[in-house]
Every structure is written in structure tokens, then in C-alpha cells.
Amino acid sequence: MLRIGQRRKSWWHRLRLRPRLALAALAAFLVAVPVTLLALAVRNGWGPMKRLDLAVADALHDAVGDQRWLLDALHALDVILHPWVFRGAVLVAVLVLVTRGAWRLAWWAAITMTTGSVLGLVLKLVVARSRPSFDLPLATAPGYSFPSGHALNSTVGVLVLLLVVLPALPTVRRRVAAWAVGLTLILLTGFDRVGLGVHYVSDVVAAWLVGIALVVATAAAFETWRRDVGRPAHDPLAGVAPEEVQR
């Protein structure tokens, strides 16, 4: 009877991990399907996607070109919201976590941010989409267009920083404010890339999908570890490691 009880306990312990692993698999599936469809649509010149991309690109090019202040603002955002700004911010967070002994959380943040940057470069090479072309370009950018590296890195960087610092925010109001600021930065980055004419709408949407799914998958893996070592359940939107708030 004791062995049967031990077997049941062991089986139940393994079962507890499966929902977290399933969440990571689901995140990978969710990002694979739409991004693959977008990539195929882009490479094959799918009519609706092509018309949407060109229509938005032309409309914003004309609108931004007629407003000097808006063009200057977008150029400023190009610098402020550069991928290296978000990478640097995450690096600072990682160093702070290391100095405070939060090694696993530091590894999660570093690996997630690095994976996002590498994944963006790989997808660019796989799809090899040319950037928008205009007779009088408002801005230029090197490399391929799909997906937007700025949008991808801003998405991953903002979400990583939010999930690290949220446990340190004591009130719901402050957490809502943090989410609002973070989402605003992500949206501004996407608008900036399309407004300057260096990316299509589909480039930005694909970057958002990849970034969100990546953070969800790695956060699910981190939660699997927490449960495996006996940590209590918590709301993932409140941060990946609430117990680290005391550090």
C-alpha cells in the first residue's frame, strides 16, 4: 500500500508540471502559426496583405512628410526606442539581480532578451523581405524588413522588465500604471517604424507576436521550476518571481 501511495504521489507530482509545459508548447504554437502565415504571405506577395501594407505605408509617408514636427519626433523616438536601449535596460536589471543574489531571475531575464534578439535576426534572414521603398524616403535602415527588430526588442525588453519589477510595486494602481507605460512604449516603437517608412505593418505585428509568445514561454518555464521546488502559485501578471521582492 505504501508503494502504491508513493507511486500515486510521484505521478501527481509529475502531472503538476504538465500544465506549465503545455503552456510553453502552446505559446510556441501560437507564435509559429501566425508568424509562419505572415512570412508566407509576405514572401508570396499575398494580395490582401500586400495591399494593406502598401496602403498604410503610403498614407503614413505622406502624413509624416507633411508635418515636420512629427518627422522630427519620430526620428527622436528612433534613437530613444532603439533595440540597444532596451537591451541595455535589461542588462542593468540583470546586474542588479545578480548583486542581490537573484541568480535564477537574472538568468531568465538575460536568456529571454538574448533569445529575442537572436530570433529576430534569424527570421529576417529566413524571410529576406526588402524594406519599403519611396522616391523621397523619410529615413533609412540596414538589413531586411521582416520582422521589425525595434518592435521585437521593445516588446521583449518591456515585458521582461515589467515581470521583474512588478512584485516591488505595492499597489494595484502602480502596477496598472507600469503596464500602461510599458504598452505605450511598445506601441510607440511600432508606430515609429511604420511612420518613418522603414517597416510595413505586418513586420511590426509579427514582431509583437514573436515577442509576446517568447516571454510567455520562458515565463512558463520559470513557473515550472518554481512549482518543482515547492513555491506557491501566484498571478503571472504580477511578476515571474514575487518572492524576490524582498531582495
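The secondary structure of the chain comprises 8 helices and 0 strands, and the order of elements from the N terminus is accordingly α-α-α-α-α-α-α-α. The model is a predicted one, and a look at its confidence is a helpful place to begin. The mean pLDDT of the chain is 79, with 78% of the residues reaching 70 or more. Among the elements, α6 has the highest confidence, at a mean of 93, and α1 the lowest, at 57. Residues 1-17 have a pLDDT below 50, and this stretch makes 4 contacts in the model beyond near neighbours in sequence. Where pLDDT is low, predicted coordinates should not be read in detail.

Turning to the chain as a whole, 42% of its 247 residues count as buried. Its exposed area is about 13,800 Å², of which carbon and sulfur atoms supply 69%. Of the contacts between residues at least 6 apart in sequence, 76% join residues that are at least 24 apart.

The interior is best introduced through its nonpolar cores. The largest nonpolar core has 43 residues, and the members touching the most others are Leu105, Trp108, Val156 and Val160. Two or more residues are contributed to this core by each of α2 (47-65), α3 (68-80), α4 (83-99), α5, α6, α7 (172-195) and α8 (201-228). Helix α6 provides the largest share, 9 residues. The surroundings of Val156 give a closer view: beyond its neighbours within four places in sequence, Val156 is in contact with Thr112, Met113, Gly116, Gly211, Leu214 and Val215. Another core, of 8 residues, lies apart from the largest one and includes Leu38, Ala39, Val42 and Met49.

On the surface, Val33, Leu37 and Leu40 make a nonpolar patch of about 260 Å². Val33 belongs to helix α1, which covers residues 2-44, and Val33 counts as partly exposed because its relative accessibility is 34%, between the limits of 20% and 50%.

The charged pairs are also worth a visit, with 5 salt bridges counted. In one of them, Asp53 pairs with Arg129, and the closest N and O atoms are 2.8 Å apart. Asp53 is in helix α2 whereas Arg129 is in the loop between α5 and α6, so this pair ties together parts that are 76 residues apart in sequence. Both Asp53 and Arg129 are buried; for Arg129, the relative accessible area is 12%. A network of salt bridges links Asp53, Arg129 and Asp203. Not counting residues up to four places away in sequence, Arg129 touches Val42, Asp53, Tyr144, Ser145, Phe146, Tyr200, Ser202 and Asp203. Val42, one of these contacts, is also a member of the 8-residue core.

A second salt bridge joins Arg193 to Asp78, again with the closest N and O atoms 2.8 Å apart. Because Arg193 lies in helix α7 and Asp78 in helix α3, the pair ties together parts that are 115 residues apart in sequence. Arg193 counts as buried, at 3% relative accessibility. The salt bridge between Arg68 and Asp72 has its closest N and O atoms 3.4 Å apart. Arg68 and Asp72 are 4 residues apart in helix α3, so about one helical turn separates them. Here Arg68 counts as exposed, at 59% relative accessibility, while Asp72 is partly exposed, at 38%.

Some backbone details deserve attention in the loop that holds Arg129, which runs between α5 (103-127) and α6 (149-165). Ala128 lies in this loop and has a phi near 55°, a positive value in a residue other than glycine. At 37% relative accessibility, Ala128 counts as partly exposed. Pro147 is also placed in the loop between α5 and α6, and the peptide bond leading from Phe146 to Pro147 is cis, with omega near -5°. Phe146 is also among the residues that Arg129 touches.

Finally, Gly65 offers an example of residues distant in sequence being brought together in space: Gly65 and Leu196 are 131 residues apart in sequence, with 9.1 Å between their C-alpha atoms. Gly65 lies in helix α2 and is partly exposed, with a relative accessible area of 44%. Leaving out residues up to four places away in sequence, Gly65 touches Leu60 and Leu138.

Terms used
Residues are numbered from 1 along each chain as its sequence is written. This is a predicted model: local features need pLDDT of at least 70, side-chain atom pairs count only at pLDDT 80 or more; totals for chains, interfaces and linings use all residues. Side-chain values use heavy atoms; hydrogens and water are left out. Buried means under 20% relative accessible area, exposed over 50%, partly exposed in between (1.4 Å probe, protein chains only). Contact means heavy atoms within 4.5 Å. Patches are made of residues with over 30% relative accessible area and no salt bridge: like charges are joined within 9 Å, nonpolar side chains (Val, Leu, Ile, Met, Phe, Trp, Tyr) within 5 Å. Accessible areas come from the Shrake-Rupley method with a 1.4 Å probe; for residues, only the protein chains shown count as cover. A salt bridge is a side-chain nitrogen of Lys or Arg within 4 Å of a carboxyl oxygen of Asp or Glu. A nonpolar core is a set of buried Ala, Val, Leu, Ile, Met, Phe, Trp, Tyr and Cys residues joined through side-chain atoms within 4.5 Å. pLDDT is the predictor's confidence in each residue, from 0 to 100.
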